Amino acid sequence: MTTKNQSTVDLAKLFGAVVNTLAENKDQLNKADTYNNDHGDNMVRTFSTIAQAVGKMKGKPQSIQLATAAKELQKSKSGSAKVYAAGLEQAAQQFKGKAVTPSTVGTLLQALLSSQAPVSKEQTQSSAVGDLLGSLLGGQAPAS
């Protein structure tokens with residue numbers, strides 16, 4: 001699964017960091033949303049749900065943590081949440097029998113964002129969130 005030098009990324013901590021960063025940037029994301037000015041609020045809610053879902057499944061395989069988060073998001077009425085649910089489901093499939101490590105976290109990001117394809121009005125906001133997530137995930141290092 002992981003090599004001696006590769007520690008497994010704690011998904012609850014990772015998504016918790018995403019929530020914190022989104023919360024700090026929520027107002028800017030809301031302002032960038034010229035349609036209904038609530039994209040930042042939706043993103044904080046979406047990623048809070050993800051963080052809580054993976055946290056509840058701590059100790060289980062990461063693919064199960066991701067699949068559980070996808071199922072939780074599918075219950076949401078938010079279009080963004082449903083898009084991220086699809087990405088999490090894809091990531092859950094990709095990580096079956098594997099661990100998310102600092103060197104494979106990009107695969108998780110790619111799965112999350114690949115389901116974002118044609119998202120009309122939300123595309124600009126999703127791109128901004130993608131950049132934000134990319135900087136967070138790209139900077140993810142094992143805890144020391």
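**Exercise 1: the bend in α1**

Find where helix α1 is kinked, and say what caps its N-terminal end.

*Solution.* Start with the helix itself: in this predicted model, α1 covers residues 11-32. Follow its axis and you meet a kink of about 60°, centred on asparagine 25. Now go back to the N-terminal end, where aspartate 10 acts as the cap. One of the side-chain oxygens of aspartate 10 lies 3.0 Å from the backbone nitrogen of alanine 12.

**Exercise 2: from α1 to the core**

List buried residues of α1, then work out which residues of the largest nonpolar core touch the most other members.

*Solution.* First, the buried residues of α1 include Leu11, Leu14, Phe15, Val18, Val19 and Leu22. Next, look at the largest nonpolar core, which has 32 residues. Leu11, Phe15, Phe47, Leu66, Leu88 and Leu108 touch the most other members. At least two core residues come from each of α1, α2 (39-56), α3, α4 and α5 (105-114). Finally, zoom in on phenylalanine 15: leaving aside residues up to four places away in sequence, its contacts include Phe47, Ile50, Leu66, Leu88 and Leu112.

**Exercise 3: serine 78**

Decide whether serine 78 is buried or exposed, and find its partners.

*Solution.* Begin with the location: serine 78 sits in the loop between α3 (62-74) and α4 (79-94). Its relative accessibility is 17%. Buried means under 20%, so serine 78 counts as buried. Then trace the side chain of serine 78, which reaches the backbone nitrogen of serine 80 at 3.2 Å. Last, setting aside residues up to four places away in sequence, serine 78 touches Asn42 and Thr46.

Notes. Residues are numbered from 1 along each chain as its sequence is written. This is a predicted model: local features need pLDDT of at least 70, side-chain atom pairs count only at pLDDT 80 or more; totals for chains, interfaces and linings use all residues. Side-chain values use heavy atoms; hydrogens and water are left out. The bend at a residue is the angle between axes fitted to the seven residues ending there and the seven starting there. Helices (H or I, at least four residues) and strands (E, at least two) are DSSP runs, numbered from the N terminus. Buried means under 20% relative accessible area, exposed over 50%, partly exposed in between (1.4 Å probe, protein chains only). A polar contact is a pair of N or O atoms within 3.5 Å; within protein, one must be able to donate a hydrogen and the other to accept it, and residues adjacent in sequence count only if both atoms are side-chain atoms. Contact means heavy atoms within 4.5 Å. A nonpolar core is a set of buried Ala, Val, Leu, Ile, Met, Phe, Trp, Tyr and Cys residues joined through side-chain atoms within 4.5 Å.
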